[in-house]
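Here is a walk through one protein model with its ligand. Have the structure open while you read, and we'll go from the strands to the binding site.

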Amino acid sequence: MSEYSISAVGHIQSPYKQKFAIPRQPRLVPQAKAKLIFTTEFNREEFVRGIEEFSHIWLLFRFHETADKGYSAMVRPPRLGGNERKGVFATRATFRPNAIGMSAVKLEGVEYKNGQLSLLLAGIDLLDGTPIVDIKPYLPYSDAMHDASAGFADTRPETQMSVEFTPEAIDFIATQTHYPELKDFIANVLKQDPRPAYKKQKQGEQSYGMTLYNYNIRWQVNGEHNLVTSIENT
Ligand code: SAM
């Protein structure tokens, strides 16, 4: 196989501090805001001039957290309950040759602050620190295919999960005025039902934890109901 060397043009500052609970595709959780911070070589306004004319951009990135684990020819898409296998190139699995990912995300702005160029993004599905290897504008006239079909992944994944918060969790959120969307952000992450397929088959109450921004969040799942029980600073 030919070898190529590529390096990051920037990296992502994301509220998702661990893989668990990151949505499986971009734009499923619109409140997931992030910054793309350019590396020194690309830290010049010329590189992005005109990009603010686009509402959405493509990010090409490296699945850096799992890249060293290699790939499999066949994977078990969560869509299929983790039971059926498909070829890796028929999926968006992270364990793939070259570990390259792609996400179309909302571009909310371009920032040049204290000598640092950044893109302000929303609806991301990327781990904090993800290296970005290229950025391209999303072109609706060509990228949006209205007659496309997608077999086992044809529809937006919907769950029936409901999300409630204990009074203590609500009180804590009310004090976090610098994140006005925090409650909706947490609720939308949990509505995606981030649990692995095999856990979804378990009966009875289960307890989980995740880190978003600098918060440790704990919740209980019973059937299709999530109850956020505690939120604390990390
Ligand atoms: N939209 C991209 C694509 O289609 O190439 C990513 C799809 S992949 C199924 C999404 C998952 O990748 C997330 O749920 C998260 O668990 C994982 N992920 C996100 N950033 C990652 C990173 N830097 N390294 C490894 N895994 C990552």
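Two strands pair if DSSP finds at least two bridges between them. With that in hand, keep in mind that this is a predicted model, and look at E10 and strand E11 (residues 215-222): seven bridges join them, and they run antiparallel. One spot to click on is Gln206, which stands opposite Val221 in E11.

**The open sheet**

That pair belongs to an open sheet of four strands, ordered E9-E12-E11-E10, and the pairing in it is mixed. Strand E9 (162-165) and strand E10 (206-212) sit at the edges with a single partner strand each, so one side of each has no neighbour in the sheet. On average, neighbouring strands here are turned by 30° against each other, direction ignored. There's a helix to find as well: H2 (residues 167-175) lies across E9, E11 and strand E12 (225-233), and it runs at about 45° to E12.

**The barrel**

Now for the other set of strands. Six of them close into a barrel, in the order E1-E2-E7-E6-E3-E8, with antiparallel pairing. The twist from one strand to the next averages 45°. Within the barrel, E3 and E6 are joined by seven bridges and run antiparallel. Here Ile57 stands opposite Val105 in E6.

**Around the ligand**

Which residues are closest to the ligand? They are Gln25, His64, Arg92, Asp125 and Thr130, out of 21 residues that surround the ligand. For three side chains, there is a distance to a nitrogen atom of the ligand:

| Side chain | Ligand atom | Distance |
|---|---|---|
| Gln25, N or O atom | nitrogen | 2.8 Å |
| Asp125, N or O atom | nitrogen | 2.8 Å |
| Thr130, polar atom | nitrogen | 2.9 Å |

How much of the ligand does the protein cover? On its own the ligand has 600 Å² of accessible area, and the protein covers 92% of that. Two elements give two or more residues to the shell around the ligand: strand E3 (56-62) and strand E6 (100-113). E6 gives the most, with three residues. So far as residue types go, the shell divides into eight nonpolar, seven polar and six charged residues.

If you want to trace the link between the two parts of this story, start at E3 and E6: both give residues to the shell around the ligand, and seven bridges join them in the barrel.

Terms used. Residues numbered from 1 in each chain as written. Predicted model: local features only at pLDDT ≥ 70, side-chain atom pairs only at ≥ 80, totals over all residues. Heavy atoms only, no water. Near = heavy atom within 4 Å. Polar contact = N/O pair within 3.5 Å; in protein donor to acceptor, adjacent residues only side chain to side chain. Areas by Shrake-Rupley, 256 points an atom, 1.4 Å probe, with all protein chains shown as cover. Nonpolar A, V, L, I, M, F, W, Y, C, P; charged D, E, K, R; others polar. Axes fitted to C-alpha atoms, helices over the stretch in contact; angles between N-to-C directions. Contact = heavy atoms within 4.5 Å.
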